[in-house]
Amino acid sequence: QKPILLQGHERSITQIKYNREGDLLFTVAKDPIVNVWYSVNGERLGTYSGHTGAVWCVDADWDTRHVLTGSADNSCRLWDCETGKQLALVKTSSAVRTCGFDFGGNIIMFSTDKQMGYQCFVSFFDLRDPSQIENNEPYMKIPCSDSKITSAVWGPLGEFIIAGHESGELNQFSAKSGEQLSNIKEHTKQINDIQTSRDMTMFITASKDNTAKLFDCTSLEHLKTFRTERPVNSAALSPIFDHVVLGGGQEAMDVTTTSTRIGKFEARFFHLAFEEEFGRVKGHFGPINSVAFHPDGKSYSSGGEDGYVRIHYFDPQYFEFEFEA
């Protein structure tokens with residue numbers, strides 16, 4: 001089945017994200033452009049203009065009213081999804097690497113990089129109190145002095161966040177007190193991506209140590225491991241099947257010296273329970289940096305180092321095969 005190809009970025013894709021209903025797909029890249037597309041046909045709905053550096057992360061709230069973006073221009077911005085108007089700007093002292101809305105859409109969190117003498121922080125703002133944004137005073141700021149946060153997501157019910165670090169560690173931080181609730185180290189290298197399951201009971205991590213791992217959200221118990229022979233940049237869990245999709249490839253700087261066959265730039269599908277690979281999808285010229293399942297499970301998207309986003313709709317046989325199995 002022919003994928004829908006989205007061309008809206010000049011540089012490599014950093015993150016792609018569906019909204020809760022799945023009718024919209026948000027894409028950000030190492031250029032200052034934030035795009036939003038109709039996922040059904042790949043038509044571009046609009047752009048959010050304002051950033052002046054690479055945009056690392058994007059998130060939409062529960063009812064898709066607001067969009068949050070974090071950028072290397074040392075800012076985190078809140079947008080009106082429908083009009084594209086910038087509603088709030090939070091200035092930071094270093095690049096914003098991860099960002100996200102809590103379950104209710106009232107509280108935002110973002111983490112900043114450890115660079116230029118500044119240490120890594122996770123900041124929490126309550127959008128119901130406009131003075132916090134105006135005065136740039138988050139209600140809570142958690143310092144992370146050891147190793148910078150490279151990926152973070154909200155846990156179930158917005159009680160804590162799960163943060164993955166450059167060192168391969170995973171932490172839970174309470175969103176109320178800021179204390180570290182638990183800490184584990186299952187990965188040996190940097191965690192590139194964390195995504196939760198649809199019901200928020202599990203999450204999957206993608207790491208430079210060539211594995212993706214499945215954990216329990218609350219206890220951080222390590223459940224499954226999916227092994228490949230190259231760094232994994234992103235991993236997503238299917239909302240309807242026991243399937244996992246991984247995207248990766250070798251380091252971006254080595255891409256020009258290898259053929260696409262050796263580089264292994266396919267999206268790879270694994271069975272969640274049996275940890276076995278059962279399919280690959282080719283297409284990108286270069287590593288895949290971000291993958292996401294559509295919330296209805298009937299399609300998935302991938303964003304690559306080549307600057308393209310591809311939306312793949314599964315064939316009807318995919319669903320028949322799963323129900324027979």
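Buried residues make up 57% of the 325 residues in this protein, where buried means under 20% relative accessible area, exposed means over 50%, and partly exposed is anything in between (1.4 Å probe, protein chains only). What you're looking at is a predicted model, so local features need pLDDT of at least 70 and side-chain atom pairs count only at pLDDT 80 or more, while totals for chains, interfaces and linings use all residues. Residues are numbered from 1 along each chain as its sequence is written, and side-chain values use heavy atoms, leaving out hydrogens and water.

**Overall picture**

The protein has three helices and 28 strands; helices (H or I, at least four residues) and strands (E, at least two) are DSSP runs, numbered from the N terminus. Along the principal axes, the C-alpha atoms fill a box of roughly 55 × 40 × 40 Å. The radius of gyration is 18 Å, which agrees with the value near 20 Å for a compact globule of 325 residues; the radius is taken over C-alpha atoms, and the globule rule is 2.2 Å times the number of residues to the power 0.38.

On the outside, the protein exposes about 14100 Å², with carbon and sulfur atoms supplying 49% of it (Shrake-Rupley method with a 1.4 Å probe; for residues, only the protein chains shown count as cover). Take the contacts with a separation of 6 or more: residues 24 or more positions apart account for 42% of them. Contact here means heavy atoms within 4.5 Å.

**Nonpolar cores**

A nonpolar core is a set of buried Ala, Val, Leu, Ile, Met, Phe, Trp, Tyr and Cys residues joined through side-chain atoms within 4.5 Å. The largest one has 15 residues, and among those with the most contacts inside it are Met 109, Val 122, Phe 124 and Trp 154. Strands β11 (107-112), β12 (120-126), β13 (140-144), β14 (149-154) and β15 (160-165) each supply at least two residues of this core. A second, separate core of 13 residues includes Ala 88, Val 90, Phe 101 and Phe 110.

Val 122 gives a good look at the neighbourhood. Leaving aside neighbours within four places in sequence, its contacts include Met 109, Phe 110, Ile 142, Cys 144, Ile 149 and Ile 161.

**A network of charges**

The count of salt bridges comes to 11, each being a side-chain nitrogen of Lys or Arg within 4 Å of a carboxyl oxygen of Asp or Glu. Here are three of them.

| Salt bridge | Closest N to O |
|---|---|
| Arg 268 and Glu 229 | 2.9 Å |
| Arg 280 and Glu 266 | 3.7 Å |
| Arg 268 and Glu 277 | 2.7 Å |

Salt bridges that share partners join Glu 229, Glu 266, Arg 268, Glu 277 and Arg 280 into one network.

Arg 268 lies in strand β24 and Glu 229 in the loop between β21 (222-227) and β22 (232-237), so this pair ties together parts that are 39 residues apart in sequence. Arg 268 counts as buried because its relative accessibility is 2%, whereas Glu 229 is partly exposed at 44%. Glu 277, also a partner of Arg 268, is partly exposed, with a relative accessible area of 30%.

Then there's Glu 266, in the loop between α2 (260-263) and β24 (267-271). At 10% relative accessibility, Glu 266 is buried, while Arg 280 is partly exposed at 41%. Leaving aside neighbours within four places in sequence, Glu 266 is in contact with Arg 230, Leu 246, Arg 280, Val 281, Lys 282 and Ile 288.
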